[in-house]
Amino acid sequence: MAMITKEEIVEKIRRETGMSIEEIEDRIRELMRIHDISEHAAALLLAEELGVITTEETSAMKISDLRPGMTDVNIVGRVLKKYPPREYTKKDGSLGRVASLIIYDDTGRARVVLWDSKVLEYYDKIEVGDVVKVLDAQVRESLSGLPELHVNFRARIVLNPEDPRVEDIPPIEEVRITTYTRKKIKDIEAGDRFVEVRGTIAKVYRVLVYDACPECKKKVDYDPGMGVWICPEHGEVEPIKITILDFGLDDGTGYIRVTLFGDDAEELLGVSPNEISEKIREMESMGMSMKEAARKLAEEDFYKIVGKEIVVRGNVIEDRFLGLILRASSWEEVNYREEIERIKRELEEMGVM
């Protein structure tokens, strides 16, 4: 990422906005006070708020360019979905908060994860349909296959920015059509990516929660001797709880097993990971194994979702024992008005209408 001095930023703002140097400096000092950041960071933030692009490299980045491990990225996207905040326990025993959004541009989708103070700062201000610019975020791996932009203390968000990339983002009504391909289950093959399936939940196999590394989402273990959680890849971490839901989907042409993770699983079940974790602990205290508790919980507590018709989106993998599995990145209620319009379009393409 190209570096630019504070003085160069001020001059660029002056040229592109017509503001006086004194006015720009006053705004910078105000941002320093409000956000408790450095003079350089405040100058960058002011430039972003005014829509002044300070680097060439980051201005052209799209979601399809994101790769795990990237830092200081600059991405613009429209908010497709908001997930409610939830709590987690930090290493010092205090409670933190985390929330996430799904955003998209004309090249794909990404999850934006807000941590702690950023939840308070941004979550309630952002609505579905808003365009956001995510600045100085880190890109991490995701279980769902979507890139994750983590917004921690260094990162920031600009709401409805002036940015040339905004013009390329399709309206929210069109995004599902442009990014996912609807398929019947009978036509699904191993390796299919960005597929969309409409079907009815026919069976719930298991519901469980595990303690995960916030960086890689892999399971972490507790070291009682040191009193810390250890990730094999990232060392000592503050774990978050992730829900896993396995269910079977039937669309009348076939049947496929679906795995849903994290916020999406919690939303479909209507229960927080802490509640699920507590129920599993109760069952384990009665002598059940984790696997037995996960199955029993699915059968006795979450049978209510059986019979629910939904649309699921994700990628297809093949398991040597279970066969094809749709590794879901999102789900939603069936919008019957959109389904009718879809059928009309298909009939028109066939020359029937």
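Is Phe194 buried, partly exposed or exposed? In this predicted model, Phe194 counts as partly exposed, because its relative accessibility is 38% and the partly exposed class runs between 20% and 50%. The residue is located in the loop between E7 and E8. Its backbone is also of note, since phi of Phe194 is near 55 degrees, a positive value in a residue other than glycine. Most residues other than glycine have a negative phi. A further positive phi, of about 60 degrees, occurs at Asp136, which is likewise not a glycine. Asp136 belongs to strand E4 and is buried, its relative accessible area being 14%.

Aromatic pairing was examined next. A pair of aromatic rings is described by the distance of the centres and the angle of the planes. The count of aromatic pairs comes to three. In one of them, the ring centres of Tyr88 and Trp115 lie 5.4 Å apart with the planes at 90 degrees, so the arrangement is edge-to-face; the angle required for this class is over 60 degrees. This pair links distant parts of the chain, with Tyr88 in strand E1 (residues 73-89) and Trp115 in strand E3 (residues 109-115), at a separation of 27 residues. Both partners are buried: the relative accessible area is 6% for Tyr88 and 11% for Trp115.

Phe194 takes part in another aromatic pair, with Tyr180 as its partner. The centre-to-centre distance is 5.8 Å and the planes make an angle of 75 degrees, an edge-to-face geometry. Distant parts of the chain are again linked, here across 14 residues: Tyr180 lies in the loop between helix H6 (175-179) and strand E7 (181-182), and Phe194 in the loop between E7 and strand E8 (195-212). The two residues fall into separate accessibility classes, for Tyr180 is buried at 7% relative accessibility, whereas Phe194 is partly exposed at 38%.

Charged side chains are also placed over aromatic rings. Lys81 lies over the face of Trp331, 5.3 Å from the ring centre. The charged end of Arg257 is positioned over the ring of Tyr205, at 4.0 Å from its centre. A polar contact involving charged residues is found at Glu196, whose side chain is joined to that of Arg313 at 2.6 Å. Glu196 is placed in strand E8. With a relative accessible area of 1%, Glu196 is buried, because the cut-off for that class is under 20%.

The internal space of the model comprises two cavities of 30 Å³ or more. The largest cavity contains about 250 Å³ of space. Its lining consists of 22 residues, and those nearest the centre are Arg111, Glu148, Lys217, Gly262 and Asp263. Two or more lining residues are contributed by each of several elements, namely strand E2 (95-104), E3, strand E5 (148-151), strand E12 (240-250), strand E13 (255-261), helix H7 (262-269) and strand E15 (323-333). By residue class, the lining of the largest cavity divides into 10 nonpolar, six polar and six charged residues.

Selected C-alpha separations relate positions along the chain to positions in space. Val132, in strand E4 (residues 131-140), is buried with a relative accessible area of 1%. The C-alpha atoms of Val132 and Ile103 are 8.3 Å apart, while 29 residues separate the two in sequence. Glu333 is found in strand E15 and is partly exposed, with a relative accessible area of 45%. Between Glu333 and Leu268, which are 65 residues apart along the chain, the C-alpha separation is 9.6 Å. Asp130 lies in the loop between helix H5 (117-122) and E4; this residue is buried, with a relative accessible area of 16%. The C-alpha atoms of Asp130 and Tyr222 are separated by 40 Å, with the two residues 92 apart along the chain.

How values were computed
Residues are numbered from 1 along each chain as its sequence is written. This is a predicted model: local features need pLDDT of at least 70, side-chain atom pairs count only at pLDDT 80 or more; totals for chains, interfaces and linings use all residues. Side-chain values use heavy atoms; hydrogens and water are left out. Rings of Phe, Tyr and Trp (its six-membered ring) pair if their centres lie within 6.5 Å; planes under 30 degrees apart count as stacked, over 60 as edge-to-face and the rest as tilted. Helices (H or I, at least four residues) and strands (E, at least two) are DSSP runs, numbered from the N terminus. Buried means under 20% relative accessible area, exposed over 50%, partly exposed in between (1.4 Å probe, protein chains only). A charge sits over a ring if NZ of Lys or CZ of Arg is within 6 Å of the ring centre and within 35 degrees of the ring normal. A polar contact is a pair of N or O atoms within 3.5 Å; within protein, one must be able to donate a hydrogen and the other to accept it, and residues adjacent in sequence count only if both atoms are side-chain atoms. On a 1 Å grid over the protein atoms alone, a cavity is a set of points where a 1.4 Å probe fits but cannot get out, and a pocket is an open set with protein on both sides within 12 Å along at least five of seven lines; lining residues have an atom within 4 Å of a point. Grid points are joined across faces, edges and corners, and a volume is the space filled by probe spheres set on the points. Ala, Val, Leu, Ile, Met, Phe, Trp, Tyr, Cys and Pro count as nonpolar, Asp, Glu, Lys and Arg as charged, and the others, Gly among them, as polar.
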